[in-house]
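Me: I have a model open and want the reasoning behind its labels. Keep the replies brisk.

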Amino acid sequence: METFIQQIINGLVLGSMYALVALGYTMVYGIINLINFAHGEILMVGALVSWTVATALADSGLPGWALMAIGLLCAIVICSVLNFTIEKIAYRPLRNAPRLAPLITAMGMSLLLQTLAMIVWKPNPKPFPLLLPTEPFNLGGPVITVTQVLILVLTV
């Protein structure tokens, strides 16, 4: 029974992450009627910006939650500006074009963002610093971490 409950927790956390990505796709499609293939790359840029801020401020003595909040705020600003710029330059001029043109442009933006990220951050793995407590909460067998609780709360 412990394994079953643990797998329920793991499934809810993983499903919550998928739901957040799907919500982003749905919102974009609902607003601009375009499947934005660069959506994942925008998330990647946000994660890399957050990583850059967290690693740059790691020796500042700030607590992990503060580093996470600063990194999140910087990622939100950069991703908002990036999304606005992409929509203004790449998608808006093609608003009345045949359906294939914006689709190809979205794929091109995806490739462009991937390439730029590899140039800026290099294409090697980047371990994200541990910013939250790693000690799990014991639920009488199954366990849940602070990160998992945060994912579930933010998704709700």
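Me: At which residues does UniProt place the feature "transmembrane region"?

Reply: The model itself is predicted. The UniProt record, an unreviewed entry, places "transmembrane region" at residues 12–35, 64–86, 98–119 and 139–155. Such annotations may be inferred rather than shown by experiment.

Me: What is the make-up of the chain over residues 64–86, helix or strand?

Reply: Residues 64–86 are 100% helix and 0% strand. The end C-alpha atoms of that stretch lie 32 Å apart. Residues 139–155 have 59% helix and 12% strand. There the end C-alpha atoms are 21 Å apart.

Me: How many helices and strands does the protein have, overall?

Reply: Five helices and two strands. Along the sequence they follow the pattern α-α-α-α-β-β-α. The C-alpha trace spans about 60 × 40 × 25 Å along its principal axes.

Me: Why is V13 called buried?

Reply: The cut-off for buried is under 20% relative accessible area. V13 has 5% relative accessibility, so V13 counts as buried. V13 sits in helix α1.

Me: Which residues does V13 touch, beyond those up to four places away in sequence?

Reply: Q148, I151 and L152. A contact needs heavy atoms within 4.5 Å. V13 and L150 are 137 residues apart in sequence, yet their C-alpha atoms are 9.5 Å apart in space.

Me: What share of contacts in the protein between residues at least 6 apart joins residues at least 24 apart?

Reply: The share is 66%.

Me: Why is S50 called buried?

Reply: The relative accessible area of S50 is 14%. The limit is under 20%. S50 therefore counts as buried. S50 belongs to helix α2. Leaving aside neighbours within four places in sequence, S50 is in contact with G71, L72, A75 and F128.

Me: How much of the protein counts as buried?

Reply: Of its 156 residues, 28%.

Me: What makes the largest nonpolar core a core?

Reply: Two conditions apply: the residues must be buried and of the nonpolar types allowed, and they must be joined through side-chain atoms within 4.5 Å. The largest such set has 19 residues. I42, L82, I86, Y91, M109, L113 and W121 have the most contacts inside it. Helices α2, α3 and α4 (100–121) each supply at least two residues of this core. The largest share, six residues, comes from α3.

Me: Which residues does W121 contact, leaving aside neighbours within four places in sequence?

Reply: V45, L48, V49, W51, T52 and K126.

Me: What makes the largest pocket a pocket rather than a cavity?

Reply: A pocket is an open set of points, whereas a probe in a cavity cannot get out. The largest pocket holds about 1700 Å³ of space. It is lined by 40 residues, and L20, L43, A47, L72 and I76 are the closest to its centre. The elements giving two or more residues to the lining are α1 (2–32), α2 (39–56), α3 (64–91) and α5 (146–155). The largest share of the lining, 13 residues, comes from α3.

Me: How do the residues of that lining divide into nonpolar, polar and charged?

Reply: The lining has 29 nonpolar residues, ten polar and one charged. Gly counts as polar in this scheme.

Note on methods. Residues numbered from 1 in each chain as written. Predicted model: local features only at pLDDT ≥ 70, side-chain atom pairs only at ≥ 80, totals over all residues. Heavy atoms only, no water. 1 Å grid on protein atoms, 1.4 Å probe; cavity = no way out; pocket = protein on both sides within 12 Å on 5 of 7 lines; lining within 4 Å. Points joined across faces, edges and corners; volume = space filled by probe spheres on them. Helix = DSSP H or I, 4+ residues; strand = E, 2+ residues; numbered from the N terminus. Buried < 20%, exposed > 50% of the residue type's maximum accessible area, 1.4 Å probe, protein only.
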